[in-house]
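Biologist: I have a new structure open and would like to learn how to read it. Could you walk me through it, feature by feature?

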Amino acid sequence: MPALAAVRPFGLTASPRGELVVGDAGSFSAQADSVVSFIRSTDGTRLLHLPTDLLDVVALRYSRALIPQGQPQLYALDLAWAEPSRGGLLRLDATLVDGRPAVASVRLADLMRPTGMTFDSDGQLYVTLIGTTQPGGPTATGQLLRFDSGF
C-alpha cells in the first residue's frame, strides 16, 4: 500500500463498509486543521478527504449499530493540545456542503486531553485521558471514563 501524505496521522478505524478511516491531527496548534480520510483498504486509494472543525483528532471509532438508530456512528476524540479546554468527544455526522461530502461535528462531552477510545460488546464507550500536570503537583492525573451505550 502506498504511503499517504499526512501531517500527524493518529486515529485509525475501519468503516462498516470496510474502508480505513484515518484521522490527521494536523499541526497541534490552535487551528482547526484536522482532517478525516477514507481509504480503500485493498489498494490504498484515498476515496475521500474531509476537513473538520476539530483541532487535533487523535482517535476514531465506529459504534455498533444499535436499534432504533440502526446505523453505526463515527466518533472522534479531539485532543486540542494547544487549547485543552476545547478537547472533547464528538460524533462526526456525514453531511453535504455546497453539494459536496463533508462532516459536521456534534460535541457530546468536554474532555481534558483525551487520547484513546473503544466500544465494548454492550455498546459502552471507554475513553482515556492524559490528564493535566502542574509544576510540583501530582503527575498521575490520567483517567479511564465510561459512557453508557446509546448516548
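## Reading the strands, cores and charges

Modeller: Gladly! Let us begin with one pair of residues: Tyr126 stands opposite Arg146, which lies in E11. Keep in mind that this is a predicted model.

Biologist: How many bridges pair E10 with E11, and in which sense do they run?

Modeller: Here is the general idea: strands of a sheet pair through backbone hydrogen bonds, either parallel or antiparallel. In this structure, E10 and E11 are joined by five bridges and pair in the antiparallel sense. They belong to an open sheet of three strands, ordered E9-E10-E11, with antiparallel pairing.

Biologist: Which strands stand at the edges of that sheet?

Modeller: E9 and strand E11 (143-147) do; each has a single partner strand, so one side of each is left without a neighbour in the sheet. From one strand to the next, the twist averages 20°.

Biologist: In what order do the strands of the open sheet with four strands come?

Modeller: The order there is E5-E6-E7-E8, and the pairing is antiparallel. The edge places go to strand E5 (57-62) and strand E8 (100-110), each with a single partner strand, so each has one side without a neighbour in the sheet. In this sheet the twist averages 30° from one strand to the next.

Biologist: And inside that sheet, how many bridges join E6 to E7?

Modeller: Five bridges link strand E6 (residues 74-78) with strand E7 (residues 88-97), and the two run antiparallel. To find your way on screen, look for Ala76, which stands opposite Leu90 in E7.

Biologist: Now a hairpin, please. How many residues lie between the strands in the hairpin of E3 and E4?

Modeller: There are six residues between E3 and E4 in this hairpin, and Gly44 takes a positive phi near 80° there. Strand E3 (residues 35-39) and strand E4 (residues 46-51) run antiparallel and are joined by five bridges. One residue to look for is Val35, whose bridge partner in E4 is Pro51.

Biologist: Let us move on to the inside. Which residues of the largest nonpolar core touch the most other members?

Modeller: The general idea is that in soluble globular proteins, nonpolar side chains tend to be buried together. Here the largest nonpolar core has 14 residues, and those touching the most other members are Leu77, Leu89, Leu111, Met117, Leu125, Val127 and Phe147. E5, E6, strand E9 (114-119) and strand E10 (125-129) each supply at least two residues of this core. E10 gives the largest share, three residues.

Biologist: What is Val127 in contact with, leaving aside its neighbours within four places in sequence?

Modeller: Its contacts include Leu77, Leu111, Met117 and Phe147, along with Gln143, Leu144 and Leu145. There is also a second, separate core of 13 residues, which includes Leu50, Leu60, Leu90 and Leu92.

Biologist: What about charges? How many salt bridges does the structure hold?

Modeller: As a general idea, side chains of opposite charge can pair when their charged atoms come close. This structure holds five salt bridges. One of them joins Asp43 to Arg40, with the closest N and O atoms 3.0 Å apart. Asp43 is partly exposed, at 34% relative accessible area, and Arg40 is partly exposed too, at 35%.

Biologist: How far apart are N and O in the salt bridge of Arg107 and Asp110?

Modeller: The N to O distance between the side chains of Arg107 and Asp110 is 3.1 Å. Arg107 is partly exposed, with a relative accessible area of 39%, while Asp110 counts as exposed at 58% relative accessibility.

Biologist: And is Glu19 buried or exposed?

Modeller: Glu19 has 14% relative accessibility, so it counts as buried. Glu19 forms a salt bridge with Arg17, whose closest N and O atoms are 3.2 Å apart. Arg17, at 61% relative accessibility, counts as exposed.

Biologist: Which residue's side chain does a polar contact of 2.3 Å join to Glu19?

Modeller: That is the side chain of Ser15. Ser15 sits in the loop between strand E1 (9-14) and strand E2 (20-24). At 6% relative accessibility, Ser15 counts as buried. Not counting residues up to four places away in sequence, Ser15 touches Val21 and Tyr62.

Methods:
Residues are numbered from 1 along each chain as its sequence is written. This is a predicted model: local features need pLDDT of at least 70, side-chain atom pairs count only at pLDDT 80 or more; totals for chains, interfaces and linings use all residues. Side-chain values use heavy atoms; hydrogens and water are left out. Buried means under 20% relative accessible area, exposed over 50%, partly exposed in between (1.4 Å probe, protein chains only). A polar contact is a pair of N or O atoms within 3.5 Å; within protein, one must be able to donate a hydrogen and the other to accept it, and residues adjacent in sequence count only if both atoms are side-chain atoms. Contact means heavy atoms within 4.5 Å. Two strands pair if DSSP finds at least two bridges between them. Axes are lines fitted to C-alpha atoms, for helices over the stretch in contact, and angles run from 0 to 180 degrees between N-to-C directions. A salt bridge is a side-chain nitrogen of Lys or Arg within 4 Å of a carboxyl oxygen of Asp or Glu. A nonpolar core is a set of buried Ala, Val, Leu, Ile, Met, Phe, Trp, Tyr and Cys residues joined through side-chain atoms within 4.5 Å.
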